[in-house]
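Here is a short set of questions and answers on a two-chain model. Please keep the sequence and structure in view.

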There are 2 protein chains.
Amino acid sequence: VILAGGSGTRLWPASRRARPKQLLPLAPGGESLLGAAVRRARVVPGVADAGGAARVVIVTAAAQVAATRAAVPGVHLITEPMGRNTAAAIGLAAAQLAATDPGAVLAILPADQHIADEPALAAALARGLAVVEARDGIGTIGIAPTRAEPGFGYLEVARAELGEVADVLRFAEKPDRATAERYVASGRFLWNAGMFLASARRILAELATHAPAIAAGVAEIVAGRASAADIYAQLPAISFDHAVMERAAQVFTIPAAIGWDDVGSWSALPAVRGADAAGNTIAGPAVVLRGGGNVVVSDDDTLIAVVGLDDVVVVKSGNAVLVIRRDAAQEVRDVVDELTRAGLTDYL
Amino acid sequence: VILAGGSGTRLWPASRRARPKQLLPLAPGGESLLGAAVRRARVVPGVADAGGAARVVIVTAAAQVAATRAAVPGVHLITEPMGRNTAAAIGLAAAQLAATDPGAVLAILPADQHIADEPALAAALARGLAVVEARDGIGTIGIAPTRAEPGFGYLEVARAELGEVADVLRFAEKPDRATAERYVASGRFLWNAGMFLASARRILAELATHAPAIAAGVAEIVAGRASAADIYAQLPAISFDHAVMERAAQVFTIPAAIGWDDVGSWSALPAVRGADAAGNTIAGPAVVLRGGGNVVVSDDDTLIAVVGLDDVVVVKSGNAVLVIRRDAAQEVRDVVDELTRAGLTDYL
């Protein structure tokens with residue numbers, strides 16, 4: 001189950017209302033992040049059904065169905081009437097899949113991640129799905145951290161051994177830098193990459209306990225007793241981490257080193273695309289003189305020239321240009337907010 | 001006589017081979033620099049002839065004739081076969097105008113300057129032209145400096161009194177910053193704005209003395225004895241300042257305070273267009289958040305968003321985007337050189 005409902009305002013101006021970030025050709029070779037996610041999902045052991053067809057499902061928002069279908073044809077779509085964060089999206093998928101296959105076991109994967117070592121991911125997922133099958137567990141893939149990153153959520157375990165099941169002792173959201181450094185030095189903390197493993201039944205049971213409004217709402221939608229949009233609009237917009245994972249008993253994790261990175265903002269692009277000798281990550285026609293650490297992206301034939309600047313992000317996409325300090329790349333959201341406030345919808 | 005032969009690579013990407021900087025709508029209200037220059041020239045006392053028609057002449061390069069004619073219809077054009085710097089351009093104009101009006105008196109004006117106080121310019125030109133008429137003088141308008149600017153040429157006089165004729169004691173090209181500060185503090189130095197006043201006959205006589213190849217070449221062209229292009233291509237490419245003004249005897253200047261600025265690079269745009277409360281100079285659709293001292297120009301409907309940066313220049317024009325530190329705005333030339341070297345002519 002691939003979650004592809006986000007809009008990705010932090011990747012504006014490439015991401016727009018009509019073209020969310022998972023459909024952008026940001027992966028190496030110009031592949032979309034969603035396309036890469038589907039390709040990776042198809043090779044997870046157990047994903048092929050008895051007939052050999054892949055059982056990959058994408059959950060996406062109604063506004064993105066057409067673009068998503070065009071980008072990854074032939075994949076089954078579950079449509080959210082509107083975005084309501086991951087707890088509702090996962091609940092909807094679990095309820096719909098359980099209705100046709102009560103024993104369904106799910107690997108729930110984000111659409112907007114970069115995985116450098118795909119076989120290692122497949123192995124970790126296979127190991128985790130075996131734990132789900134064996135004891136109806138609920139778990140996650142825990143990424144062995146490669147840097148002290150304050151922007152991520154962390155999982156604490158007693159001992160992190162790659163590929164070996166560990167109990168999650170604690171979820172720790174976005175620590176400060178010093179704490180993140182302590183976490184990484186301890187060897188007992190893993191990045192929470194938002195990849196969840198559980199049976200559909202277990203997910204629905206956990207939601208019934210910890211987020212009953214969501215459990216009841218998605219059951220009603222699947223039963224067809226009322227307008228899906230009316231019900232879904234009332235559901236609390238809360239993440240699956242907060243709603244379930246942080247509260248469930250005996251959550252497990254599979255520590256994994258898979259070359260993972262979140263592709264959440266332009267500052268992450270160098271991790272995905274690499275950098276040249278001067279430390280610049282360039283996609284599209286560009287000239288960079290006397291500067292390093294820049295991220296320069298043009299998605300058409302517009303040439304971008306950057307002179308004498310370090311650590312800036314410059315993106316030209318469609319009818320907009322973004323110029324921002326690389327370490328402030330999260331603040332692109334403020335531009336989107338400002339354009340929304342000003343009613344400049346042509347740029348959204 | 002308006003000199004409009006330059007290409008203005010420092011204003012790339014707005015200036016291109018086919019659209020030199022004097023045709024860009026950089027003046028307030030979207031007027032082109034050349035359009036503003038012609039408008040100012042028409043009101044100089046003495047420019048109207050007996051019938052009331054303006055005697056304004058533009059010297060431009062053959063490659064720019066069509067665009068120039070379209071931008072300022074109805075103005076007489078003198079065509080240089082190719083750019084050969086200002087000594088040849090002024091020589092060509094003097095020779096052509098002397099052929100039809102041996103007593104012609106010329107005010108030679110650059111196309112790419114900004115003048116905030118246009119009546120003051122007209123008064124200074126009238127005063128200078130009267131000196132030319134009275135004693136066949138050769139002179140220039142000397143701008144009372146408003147800052148210690150190392151990028152300009154200076155004129156030294158014994159005493160600078162606004163509107164009063166002074167003899168130029170010395171030409172001083174681009175001083176270092178400390179010297180420029182000393183110049184300005186002394187009150188005896190003026191900016192050389194490249195505005196020359198003399199009769200056509202005097203100009204040709206000075207060229208015959210100090211740059212005889214140019215004098216002979218333009219005489220041959222006007223006599224029609226050989227291909228203008230062949231002759232012109234052989235002329236030395238030298239500035240009128242170096243060839244004539246620095247060598248002529250008894251050059252005069254009219255000290256003037258006219259709100260003058262050279263529009264030579266993007267860093268000059270704030271002087272021409274002003275800045276908003278945050279110190280940003282913005283032309284075209286833009287959002288600037290948390291930053292000041294920026295120059296942001298978009299010449300179509302492309303929106304430019306700048307976040308968290310100070311003192312950068314961002315220009316989107318046609319199929320190119322420029323991002324450069326404001327204090328390095330001269331280095332745009334290096335981009336043009338790089339594009340030329342790489343054969344990327346679509347961007348030139």
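## Interface, sheets and backbone

Q: Which side chain of chain A meets that of Glu331(B) in a salt bridge?
A: This is a predicted model, where local features need pLDDT of at least 70, side-chain atom pairs count only at pLDDT 80 or more, and totals for chains, interfaces and linings use all residues; side-chain values use heavy atoms, leaving out hydrogens and water. Residues are numbered from 1 along each chain as its sequence is written, with chains lettered from A and ligands numbered from 1 in the order in which they are written. A salt bridge needs a side-chain nitrogen of Lys or Arg within 4 Å of a carboxyl oxygen of Asp or Glu. At 2.8 Å, N to O, the partner of Glu331(B) is Arg290(A).

Q: How many salt bridges does the rule find across the interface of chain A and chain B?
A: Side chains of opposite charge can pair when their charged atoms come close. Over all chains, the structure holds 32 salt bridges. Across the interface of chain A and chain B, the count is four.

Q: What is the sign of phi at Arg290(A)?
A: Most residues other than glycine have a negative phi. Arg290(A) sits in the loop between E13 and E14 of chain A (strands, E, are DSSP runs of at least two residues, helices, H or I, of at least four, numbered from the N terminus). Its phi is near 50°, so the rule of sign above does not hold here: the value is positive.

Q: How much area is buried between chain A and chain B?
A: Contact means heavy atoms within 4.5 Å, and 30 residues from chain A and 30 residues from chain B take part. Buried area is the accessible area (1.4 Å probe) that two parts lose on being put together, summed over both. Carbon and sulfur atoms give 68% of the total, which is about 2,500 Å².

Q: Which three residues supply 23% of the area that chain A buries against chain B?
A: No other three residues supply more. They are Leu303(A), Val321(A) and Val323(A).

Q: Which element gives the largest share of the side of chain A that touches chain B?
A: The rule finds 18 residue pairs in polar contact across this interface, both residues at pLDDT 80 or more (N or O atoms within 3.5 Å; within protein, one must be able to donate a hydrogen and the other to accept it, and residues adjacent in sequence count only if both atoms are side-chain atoms). Elements giving two or more residues to the side of chain A include strand E15 (303-307) and helix H11 (332-341). The largest share, six residues, comes from E17(A).

Q: Which residue in E17(B) stands opposite Ala305(A)?
A: Strands pair if DSSP finds at least two bridges between them. E15(A) and strand E17 (residues 320-325) of chain B run parallel, joined by five bridges. Opposite Ala305(A) stands Leu322(B).

Q: Which strands stand at the edges of the sheet E12(A)-E14(A)-E16(A)-E17(A)-E15(B)-E13(B)?
A: This open sheet has six strands and mixed pairing. Each edge strand has a single partner strand, so one side is left without a neighbour in the sheet. The edges are strand E12 (281-283) of chain A and strand E13 (286-289) of chain B.

Q: What angle does the direction of H11(A) make with that of E13(B)?
A: H11(A) packs on the sheet, touching E17 of chain A together with E13 and E15 of chain B. Axes are lines fitted to C-alpha atoms, for helices over the stretch in contact, and angles run from 0 to 180 degrees between N-to-C directions. The angle is about 130°.

Q: Which residue in E16(A) stands opposite Val297(A)?
A: Strand E14 (residues 295-298) of chain A joins E16(A) through four bridges, in the parallel sense. Opposite Val297(A) is Val315(A).

Q: How far apart in sequence are the parts that Arg147(A) and Asp261(A) tie together?
A: The closest N and O atoms of this salt bridge are 3.2 Å apart. Arg147(A) lies in the loop between strands E6 and E7 of chain A, and Asp261(A) in strand E11. The separation is 114 residues.

Q: Is the peptide bond from Trp12(A) to Pro13(A) cis or trans?
A: Most peptide bonds are trans. Pro13(A) lies in the loop between strand E1 (2-3) and helix H1 (33-42) of chain A. With omega near 5°, the bond is cis.
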